[in-house]
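This report looks at how nonpolar and aromatic side chains are arranged in one protein chain. The sequence and the model come before the discussion.

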Amino acid sequence: MNPLAAQKQMADWPVAILAGGMATRLRPITEKIPKALVAVAGEPFLAHQLRLLSGAGLRHVVVCAGHLGEMIEAEFGDGATFEMRIDYSFDGPLLLGTGGALRRALPLLGEKFFVLYGDSYLPIDYREAGRAFLASEKPALMTVFKNDGRWDTSNVWFDGKQILRYDKREPGPEMRYIDYGLGVLSADVLNQWPDNEAFDLADVYRRLAAKKELAGYEVTQRFYEIGSPEGLVELDALLRQQTTFCTP
């Protein structure tokens with residue numbers, strides 16, 4: 001398929017939302033509910049993510065669920081409320097990690113798809129990231145933000161086009177960027193990994209970067225997250241402020 005035809009089909013690319021973690025940093029809030037259902041500005045966090053994706057013209061979401069994932073399906077169903085289609089892929093008795101969950105969900109995801117961390121709120125142009133992925137002609141793309149250690153530890157060495165090195169465990173001084181929370185992947189990069197085994201998406205990215213197969217796309221809008229209590233408080237305040245501002 002030529003790039004122009006692929007761009008026309010981008011609205012049909014699924015968005016995998018990685019929502020299977022235990023969310024231990026948010027306890028006791030997450031002792032009885034999954035992180036996707038944590039209240040932010042009066043709504044479950046996933047509702048805010050879905051609204052962003054719908055606004056970007058993306059219509060198909062695959063929730064990769066693990067811990068208490070059945071509660072997410074009970075709350076959001078098939079996605080009709082958001083004028084979207086939502087499918088669910090469940091880890092099963094063994095939590096598969098972010099990479100293993102994606103590997104398990106491949107039958108629902110197709111050949112190309114976006115992947116979004118389940119605790120990330122990213123108010124950006126998602127389709128622009130998809131266009132950058134197509135233009136790169138690489139099997140995967142990571143969005144990055146020039147963090148310089150401000151909001152978390154920088155973990156990406158980025159040269160303006162591709163990721164030269166990515167490592168969450170051993171960051172180096174050349175790393176001024178951070179994984180923004182959105183990626184675009186070809187299914188082939190996950191088909192090379194074992195099925196029904198736990199592994200981290202970060203390991204997939206690290207291996208791709210080492211082989212010079214990971215494109216980068218720089219985002220200038222800062223990210224927000226609810227992975228930490230501080231991040232949750234900050235985003236809640238931001239979204240409440242926006243709601244107040246928009247209310248007539």
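## Aromatic pairs

In this predicted model, F223 counts as buried, with a relative accessibility of 10%. Its ring is paired with that of Y180, and because the centres lie 6.2 Å apart with the planes at 85°, the pair is edge-to-face. Y180 belongs to strand β11, whereas F223 is found in the loop between β12 (214-219) and β13 (224-225), so the pair ties together parts that are 43 residues apart in sequence. Y180 is buried as well, since its relative accessible area is 1%, under the 20% limit for that class.

The count of aromatic pairs comes to ten. One of them joins Y88 and F90, which are stacked at 6.3 Å centre to centre with 20° between the planes. Y88 is buried at a relative accessible area of 12%, while F90, at 30%, is partly exposed. Separately, W13, F114 and F133 form one aromatic cluster.

## Charges over rings

Two arginine side chains can be described in relation to aromatic rings. R207 places its charged end over the ring of W193, at 4.0 Å from the ring centre, and the charged end of R222 sits over the ring of Y224, 4.2 Å from its centre.

## Surroundings of L182

Strand β11, which spans residues 177-186, also holds L182. With a relative accessibility of 0%, L182 counts as buried. When residues up to four places away in sequence are set aside, L182 touches F114, V115, L116, L122, I124, Y126, A129, L141, M142 and T143. For L122, which is 60 residues from L182 along the chain, the separation of the two C-alpha atoms is 8.1 Å.

## Nonpolar cores

In soluble globular proteins, nonpolar side chains tend to be buried together. The largest nonpolar core here contains 52 residues, and those with the most contacts inside it are L50, L53, V61, V63, I72, F76 and L235. Helix α2, covering residues 45-55, supplies the largest share of this core, namely six residues. A second core, separate from that one, has 33 residues, including L102, A140, M142 and V144.

For L235, the contacts outside its neighbours within four places in sequence are with V40, F45, Y121, Y224 and I226. Y224 therefore appears in two settings, as a contact of L235 and as the ring beneath the charged end of R222, by the rule that CZ of Arg is within 6 Å of the ring centre and within 35 degrees of the ring normal.

How values were computed:
Residues are numbered from 1 along each chain as its sequence is written. This is a predicted model: local features need pLDDT of at least 70, side-chain atom pairs count only at pLDDT 80 or more; totals for chains, interfaces and linings use all residues. Side-chain values use heavy atoms; hydrogens and water are left out. A nonpolar core is a set of buried Ala, Val, Leu, Ile, Met, Phe, Trp, Tyr and Cys residues joined through side-chain atoms within 4.5 Å. Buried means under 20% relative accessible area, exposed over 50%, partly exposed in between (1.4 Å probe, protein chains only). Helices (H or I, at least four residues) and strands (E, at least two) are DSSP runs, numbered from the N terminus. Contact means heavy atoms within 4.5 Å. Rings of Phe, Tyr and Trp (its six-membered ring) pair if their centres lie within 6.5 Å; planes under 30 degrees apart count as stacked, over 60 as edge-to-face and the rest as tilted.
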